[in-house]
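Please open the model in your viewer and keep the sequence panel beside it. The stops below follow one another, each with a selection to make and a description of what is found there.

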Amino acid sequence: MSTVVWTRVLRRDAAAGDRRLELIYIAALCGAFVGAKAVYFFAEGWRVFFDPSVTPEQLWLGLLTGKTITGALLGGYISVEAAKKMLGYAKATGDFFAIVAPFGLMLGRIGCYIQGCCLGVEMDRHWYTLSDAHGIDRWPAVPIEFTFNLAMFVVALTLYRRRAFNGQLFHIYLIAYGAFRFAHEFARDIPPLIGPITGYQVASLAILVLGVVRYRQRAALARQ
């Protein structure tokens, strides 16, 4: 999906002979991959080294497969901004991704639901709880995140079609997702890293702050 969107942006600037977006796209992909892996390892992946019950096969499987969207957002965005600065590219590139990112996360959460991962905390049975593979009632973390991203997809698509908040849509998504994920993390079954705070909440705060700072910077430039 990111390739399709980036190709559209690329064609827009290719007409003017600007090929720097190709390098920015490569930087985005590399940054997203590294960020997804690094934040997962920071948040919980490191625990496998201290768990005596983990077999060598499970250790390698965890190291090779564990990733997180919070790290992908963080790493991808930082890499894009760094590449744009190095290449002297000043145009906004994120408005399309404010539509693609929540849609991609919706697809990802469907996969989580099918696989039974990314669970909520245990709780008493209510009409909204979900039972895991062991019959334990849990907070519906995956449907809640799916619903949030569905709402953000509709909002971003509406704003984009109305040409509102040009150049700021992805910053708005970063702010909204960072705040949502930080709050929702308390209801997910993730081991804390510092006190009650999980590693994913630290990453979520970084996404939130990054979105606010870049929104203000771009707004200040627009007023000049």
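A residue is called buried here when its relative accessible area is under 20%. The model is a predicted one, and the tour begins by applying that cut-off to a single alanine.

**Ala 28 and helix 2**

Select Ala 28, which sits in helix 2, the helix running over residues 20–43. Its relative accessible area is 15%, and therefore Ala 28 is buried. Show its surroundings, leaving aside neighbours within four places in sequence, and you will find Gly 76, Ser 79 and Val 80 in contact with Ala 28. For a distance to draw, take the C-alpha atoms of Ala 28 and Gly 45, which are 17 residues apart along the chain and separated by 23 Å.

**Helix 4 and Thr 70**

Move next to helix 4, whose 19 residues reach 26 Å from the first C-alpha to the last, close to the 27 Å expected at 1.5 Å a residue. The helix is followed by Gly 88, where phi is positive, near 70°.

Within helix 4, select Thr 70. Is this residue buried or exposed? Thr 70 counts as buried because its relative accessibility is 0%. Its side chain is joined to that of Thr 68 by a polar contact of 2.9 Å. Not counting residues up to four places away in sequence, Thr 70 touches Val 39, Tyr 177, Arg 181, Tyr 200, Ala 203, Ser 204 and Ile 207.

**Helix 7**

Tyr 177, among the contacts of Thr 70, leads to helix 7, so select residues 169–184. These 16 residues should span 22 Å at 1.5 Å a residue, and the end C-alpha atoms are indeed 22 Å apart. Colour the buried residues of this helix, which are Leu 169, Phe 170, His 171, Tyr 173, Leu 174, Tyr 177, Gly 178, Phe 180, Arg 181 and His 184. What covers them includes helix 4 (69–87), helix 5 (97–115), helix 6 (141–161) and helix 8 (199–223).

Keep Tyr 177 selected and display its contacts: with residues up to four places away in sequence left out, Tyr 177 touches Ile 69, Thr 70, Leu 73, Leu 105, Arg 109, Glu 145, Phe 148 and Asn 149.

**The nonpolar core and the packing of helix 5**

Which residues have the most contacts inside the largest nonpolar core? They are Leu 73, Phe 170, Tyr 173 and Tyr 177, in a core of 22 residues. Helix 4, helix 5, helix 6 and helix 7 each supply at least two residues of this core, and helix 5 gives the most, with seven.

Display helix 5 together with helix 7, and note that the two pack at an angle of about 35°, with their axes 8 Å apart. On the helix 5 side the meeting residues are Phe 97, Ala 98, Ala 101, Pro 102, Leu 105 and Arg 109, and on the helix 7 side they are Leu 169, Phe 170, Tyr 173, Tyr 177 and Arg 181. Sorted by class, this contact has nine nonpolar, no polar and two charged residues.

**The loop between helix 6 and helix 7**

Now step back along the chain to the loop between helix 6 and helix 7, and select Arg 163 and Phe 165. Most residues other than glycine have a negative phi. Arg 163, although not a glycine, has a positive phi of about 55°, and Phe 165, also not a glycine, has a positive phi of about 55° as well. As for accessibility, Arg 163 counts as exposed at 66%, whereas Phe 165 is partly exposed, with a relative accessible area of 43%.

**Helix 8 and Arg 214**

The last selection is helix 8, whose 25 residues should span 36 Å at 1.5 Å a residue; the end C-alpha atoms are 37 Å apart, which agrees. Its buried residues are Gly 199, Tyr 200, Gln 201, Ala 203, Ser 204, Ile 207, Gly 211, Arg 214, Arg 218 and Ala 219, and what covers them includes helix 2, helix 4 and helix 7.

Finish on Arg 214 in this helix, a residue that is buried because its relative accessible area is 18%. Leaving aside its neighbours within four places in sequence, Arg 214 is in contact with Tyr 77, Glu 81, Gln 168 and His 171.

How values were computed. Residues numbered from 1 in each chain as written. Predicted model: local features only at pLDDT ≥ 70, side-chain atom pairs only at ≥ 80, totals over all residues. Heavy atoms only, no water. Helix = DSSP H or I, 4+ residues; strand = E, 2+ residues; numbered from the N terminus. Expected span 1.5 Å × (residues − 1). Buried < 20%, exposed > 50% of the residue type's maximum accessible area, 1.4 Å probe, protein only. Contact = heavy atoms within 4.5 Å. Core = buried A, V, L, I, M, F, W, Y, C linked by side-chain atoms within 4.5 Å. Polar contact = N/O pair within 3.5 Å; in protein donor to acceptor, adjacent residues only side chain to side chain. Axes fitted to C-alpha atoms, helices over the stretch in contact; angles between N-to-C directions. Nonpolar A, V, L, I, M, F, W, Y, C, P; charged D, E, K, R; others polar.
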